Amino acid sequence: RTRGAWPDASASGARTTVSYCRRMKPLDGIKVLEFSTMITASFAAMMLAEQGAEVIKVEPLELGDPMRYLGSTKGGMSALFANCNHGKRSIRIDKKKDEGRQIVENLARDTDIVLTNYRPGVMDGLGLGSEHLRSLNPRLIYVGITGFGLEGPSKGAPAYDPIIQAQTGFAAVQGQGQDDGPQFMRSLMCDKITAYTACQSVMTALFTRERTGDGQHIDLSMMDSALYFIFPDGFMHHTLLDDDVVEQPPLSEMLYDLTETSDGGVTVSAATPAQQVGLLTAIERLDLFADERFDSMEKIVANLDEFRNEMKTSMGQFSTDDLLRRLDEGDVPAARPLDYPEVLAHPQYAANDSHAVVEHASMGSMVRVKPPARFGGERTAPAGDAPLHGQHTVEILEQAGRSADQVAALMDAASIAADADGAY
């Protein structure tokens with residue numbers, strides 16, 4: 001078993017090397033065609049690429065994936081795009097032309113997975129829908145991601161993360177107990193949840209194909225994915241429907257809170273009796289257990305606001321560092337909220353080998369977060385850089401059997417294009 005190295009970033013920014021395993025990645029040999037804009041299909045395909053799949057991102061001829069231009073950019077590519085597209089190759093095709101459709105058809109014949117998040121009917125309108133491509137390749141797994149599904153009043157509506165957050169209860173859960181009402185998570189949460197769900201569905205389909213030899217079509221909506229994700233705890237008060245249900249405060253009210261200290265704030269999750277003892281020991285308030293309002297877990301829950309007010313008053317007398325030290329001694333889960341640089345500098349991430357500083361050919365130095373799963377206890381080798389728009393057009397077509405003259409003719413006919421600078 002041979003080994004290589006991936007440059008790593010320490011808390012100080014110095015670069016060291018870490019080992020990774022060069023053995024076969026879990027998805028080596030699996031081929032993916034991605035037709036997408038923005039996050040859901042892009043992030044899902046990247047996770048497959050990180051585990052060894054060969055991913056070809058099929059982009060429109062003109063601007064490509066609009067995510068390329070959103071947010072912080074350098075070298076003609078945004079950090080958001082790079083963070084969702086490591087390890088892929090990009091090909092620029094006019095899918096509306098016969099020649100462009102034929103290229104996709106030829107690639108699909110030798111592909112395992114098609115991922116698309118176009119609106120319902122778009123791929124069919126291009127002549128590249130699931131039924132047609134799977135007729136060319138019965139082993140193909142075709143995943144169609146939509147915002148709201150294929151039926152109903154919203155089936156053709158555009159879907160963006162905050163819209164899905166609003167319609168699936170995310171905003172309601174975040175705003176629970178807040179005076180100013182629903183709150184949005186300032187992260188593309190529903191996009192990424194859908195991407196993870198797509199990957200899980202793909203793996204299930206690959207496993208089924210191993211047993212049956214047949215591919216299949218998978219429909220997946222952002223709306224369904226987000227509701228399924230948030231439901232277990234977010235809808236705990238709306239699950240049991242009988243009149244005799246005993247309603248208790250949700251976990252979000254019991255655990256998610258920031259308590260002020262004398263010089264900052266901490267969050268504490270004392271969820272068990274032992275942790276409650278550790279917490280009250282740390283803040284020197286064991287006397288609260290003698291208070292008839294708090295002398296059992298049931299009473300603490302019933303009088304939660306009063307209990308928390310007592311604790312907050314006492315915790316505010318300690319400095320953040322002193323309080324965290326005391327809580328750690330009592331084995332009580334607690335943390336100080338970190339800002340962005342502090343997150344990346346956290347010593348536990350260094351111990352976990354969670355991220356690295358790498359050099360991108362056009363974007364320069366950048367932070368890469370490594371895939372969280374370890375196979376056989378080791379990191380898989382890193383996937384390549386995120387591609388420029390159409391960077392691999394010529395390479396992909398020549399590997400598919402097109403001659404240099406044929407590629408040049410397609411270029412002249414504006415059926416394809418090469419990299420972002422038009423080089424060929």
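Leaving out residues up to four places away in sequence, which residues does A45 touch? That is where this set of close-ups of a predicted model starts.

**View 1. A45 and its surroundings in helix α1.** The place to look for A45 is helix α1. Its partners, not counting residues up to four places away in sequence, are E34, V55, K88 and L115. A45 comes out at a relative accessible area of 0%, so this alanine is buried. For a sense of distance, take M411: A45 and M411 are 366 residues apart in sequence, and their C-alpha atoms sit 27 Å apart in space.

**View 2. An aromatic pair between two helices.** The count of aromatic pairs in this model comes to four. One of them joins F43 and Y196 in an edge-to-face arrangement, with 6.0 Å from centre to centre and 75 degrees between the planes. F43 belongs to helix α1 (residues 40–50) and Y196 to helix α8 (residues 189–212), so this pair ties together parts that are 153 residues apart in sequence. How do the two rings fare for accessibility? F43 counts as buried because its relative accessibility is 14%, whereas Y196, at 48%, counts as partly exposed.

**View 3. F231 and F235, ring on ring.** Here the ring centres of F231 and F235 are 5.1 Å apart and the planes make an angle of 10 degrees, so the pair is stacked. With stacking reserved for planes under 30 degrees apart, that label follows directly from the angle. F231 has 33% relative accessibility and therefore counts as partly exposed. F235 also ends up partly exposed, because its value is 22%.

**View 4. E59, a buried glutamate.** Zoom in on strand β4 (residues 54–59) and you'll find E59. Is this residue buried or exposed? E59 counts as buried, because its relative accessibility is 1%. Its side chain has a backbone partner: the nitrogen of D65, reached at 2.8 Å. Setting aside neighbours within four places in sequence, the contacts of E59 include G64, D65 and R68. Also among them are S90, I91, R92 and I93, along with H389 and G390.

**View 5. A three-stranded open sheet.** Follow the order β11-β12-β13 and you've walked across an open sheet with antiparallel pairing. The edges are β11 (259–260) and β13 (334–335), each of which pairs on one side only. In general, strands of a sheet pair through backbone hydrogen bonds, which can run parallel or antiparallel. Strand β12 (residues 265–268) meets β13 in the antiparallel sense, over two bridges. To pin down the register, look for V268, which stands opposite A334 in β13.

**View 6. Two cysteines that don't bond.** How many disulfides does the count come to? The count is zero. Take C84: its closest cysteine sulfur is in C199, 12 Å away, which is too far for a bond. From the other end, the closest cysteine sulfur to C199 is the one in C84, again at 12 Å and too far. A disulfide would need the sulfurs within 2.5 Å, so this pair doesn't qualify. As for accessibility, C84 counts as buried because its relative value is 6%. C199 is buried too, with a relative accessible area of 10%.

Key
Residues numbered from 1 in each chain as written. Predicted model: local features only at pLDDT ≥ 70, side-chain atom pairs only at ≥ 80, totals over all residues. Heavy atoms only, no water. Phe/Tyr/Trp six-rings, centres within 6.5 Å; stacked < 30°, edge-to-face > 60°. Helix = DSSP H or I, 4+ residues; strand = E, 2+ residues; numbered from the N terminus. Buried < 20%, exposed > 50% of the residue type's maximum accessible area, 1.4 Å probe, protein only. Polar contact = N/O pair within 3.5 Å; in protein donor to acceptor, adjacent residues only side chain to side chain. Contact = heavy atoms within 4.5 Å. Pairing = 2+ DSSP bridges.
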